[in-house]
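Colleague: I am new to this structure and would be grateful for a close look at a single part of it, followed outward to whatever that part leads to. Please take your time over the answer.

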Amino acid sequence: MIRLKIKLCLSGTLILLGLTASVAYTQTETLASASPFPVGLALTRNFYKNPDYARLAALEFSSVTAENVMKPRYISIGPDRYYWQAADSVVDFCRKNKMQLHGHTLVWNKSVPDWVKEFKGDSTAWEGILKRYIQDVANHFKGKVVSWDVVNEALNYEENIKKDGIWRNSIWLQHLGKDYVARCFQYARQADPSAKLFYNDYKVEADTLKLAGMLHMLDDFIERGIPIDGVGLQMHITMDTPEPGIRRVIREVARRGLLVHISELDVSVNPGHDSVIVKEKDELLKRQADKVRQIVTAFMEEVPPKQRFAITTWGLTDANSWLAYKKEDYPLLFDRNFKPKAAYYAFLKGLTKKYTGQ
Ligand code: G3I
């Protein structure tokens, strides 16, 4: 803790004078300064209440995704009625600390406002709701965000693909048909032509059927000129997620010329929800660090520099992770005392790799 505070105070060249012998937090660099691409974090809603949190976020990271407050359920409070305050405070935080803001997310099946769920109308009326929301929100944040997750998690996975096809069931699919995803991108581009537009999804590193579905969608969008700039690979994984799948999805997206965003990185060390894992914790955290190194290495080696959009971790410390709300887990780069973990150093190590593709 002493050492971290020193780093935070000086935030530059450090002379640590051996104040703490055990933690090797001696580098003069931060994630942001060491990285050739933006390194982001998901900012939790009450971040500003804790100065340690705010300081560490601003020091180590150069990019922000709002964990929740830019989702439709937060912003859309009624027809043509919007709640901007919480999201605008994230915009202020980014401006003050010179961080880029990635918008998350315009459309998500799991973030449908209650008034929309109750809406009655024909498909033209439903299309109007969707278009109006995307355009109003993209307009509000124009010049404030560099990018948007336009659609989040619209694809099916595993068994459901065999049963129902690649598109995940959602209120939008039911009312508008499967091409609603493409139209969301068109509406977003019309509203904010300079924002980079992303499709964002999870588990494509582990589910080959879902990966095939996503690549099919991307190829179709590219062929039809649908305005998509990049793909967010959420990367909610565990310390045992096989490396080849991680590398494969990164490579497949990169070879289509799209931007790659590792958009919600966390590495669970307790995927089985065991009640007590403390005994094995050190060993688990080493395996976690190795997984983080593999991801950053794959990103450096597989993605041409111009297509590296960012790597974003889904939270700041283990205390803020959505995974740790309900079970014991330690999924992030910093521990509950704001100290960097082995995974943090593994991230830095991965950054030393070079692009090996053509
Ligand atoms: O703020 C209320 C609080 O007042 C209330 O007491 C509490 C009771 O449960 O709920 C709080 O809101 C919760 C919110 O997180 C803030 O903690 C919501 O119930 C809960 O649904 C919400 O979960 C978020 C989830 O998305 C759903 O929006 C998680 O924080 C967030 O990490 C998670 O993020 C998603 C990405 O957007 C998309 N990819 C997957 C990722 C993880 O699920």
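Modeller: What follows is a walk that starts from one helix and moves on, step by step, to the places around it and to the ligand. Please keep in mind throughout that this is a predicted model.

The part I would choose is helix α12, which runs over residues 243-254 and has 12 residues. From its first C-alpha to its last, α12 reaches 17 Å, which is close to the 16 Å expected at 1.5 Å a residue. Which residues of α12 are buried? They are Gly-245, Ile-246, Arg-247, Val-249, Ile-250, Glu-252, Val-253 and Ala-254, a list in which Arg-247 and Glu-252 stand beside Val-249 and Ile-250. As background for reading such a list, an α-helix has 3.6 residues a turn, so residues three or four places apart point the same way.

What do these buried residues pack against? Their partners include two helices, α11 (208-224) and α13 (281-302), together with the strands β8 (230-233), β9 (236-238) and β10 (259-268).

Of these partners, helix α13 deserves a longer look, since a side-chain pair links Arg-247 to Glu-301 by a polar contact of 2.7 Å. Glu-301 lies in helix α13, while Arg-247 is among the buried residues of α12. Glu-301 itself counts as buried because its relative accessibility is 17%, and buried here means under 20%. If its neighbours within four places in sequence are left aside, Glu-301 is in contact with Arg-247 and also with Lys-353, Lys-354, Tyr-355, Thr-356 and Gly-357.

Elsewhere in helix α13 one finds Gln-294, which has a relative accessibility of 11% and therefore counts as buried. The side chain of Gln-294 makes a polar contact of 2.9 Å with the side chain of Lys-291. A distance may help to place Gln-294 in the fold: its C-alpha atom and that of Pro-193, 101 residues apart along the chain, are separated by 35 Å.

Strand β10, another of the elements against which the buried residues of α12 pack, covers residues 259-268, and Glu-264 is one of the residues that come nearest to the ligand. The others named with Glu-264 are Glu-67, Asn-68, Lys-71 and His-104, out of 14 residues around the ligand. An N or O atom in the side chain of Glu-67 is 2.4 Å from an oxygen atom of the ligand, a polar side-chain atom of Lys-71 lies 2.7 Å from an oxygen atom of the ligand, and for Asn-68 the corresponding distance is 3.0 Å. On its own the ligand has 790 Å² of accessible area, of which the protein covers 50%. The shell around the ligand is mixed in character, with 5 nonpolar, 5 polar and 4 charged residues.

His-104, one of those nearest residues, brings us to a detail of the backbone. The peptide bond from His-104 to Thr-105 is cis, with omega near 0°, and Thr-105 is found in strand β5, residues 100-108. For comparison, most residues other than glycine have a negative phi, and most peptide bonds are trans.

Both His-104 and Thr-105 are in contact with Asn-152, a residue of strand β6. With neighbours within four places in sequence left aside, the contacts of Asn-152 also include Val-107, Trp-108, Asn-109, Asn-200 and Gln-234. Asn-152 counts as buried because its relative accessibility is 2%, and its side chain makes a polar contact of 2.9 Å with the side chain of Asn-200.

Two further backbone details complete the walk. Glu-153, which is found in the loop between β6 (147-152) and α8 (158-164), has a phi near 55°, a positive value in a residue other than glycine. Glu-153 counts as buried, because its relative accessibility is 7%. Lys-203 likewise has a positive phi, near 65°, and is found in the loop between β7 (196-201) and α11, the latter being one of the helices against which the buried residues of α12 pack. With a relative accessibility of 35%, Lys-203 counts as partly exposed.

Note on methods. Residues numbered from 1 in each chain as written. Predicted model: local features only at pLDDT ≥ 70, side-chain atom pairs only at ≥ 80, totals over all residues. Heavy atoms only, no water. Helix = DSSP H or I, 4+ residues; strand = E, 2+ residues; numbered from the N terminus. Expected span 1.5 Å × (residues − 1). Buried < 20%, exposed > 50% of the residue type's maximum accessible area, 1.4 Å probe, protein only. Contact = heavy atoms within 4.5 Å. Polar contact = N/O pair within 3.5 Å; in protein donor to acceptor, adjacent residues only side chain to side chain. Near = heavy atom within 4 Å. Areas by Shrake-Rupley, 256 points an atom, 1.4 Å probe, with all protein chains shown as cover. Nonpolar A, V, L, I, M, F, W, Y, C, P; charged D, E, K, R; others polar.
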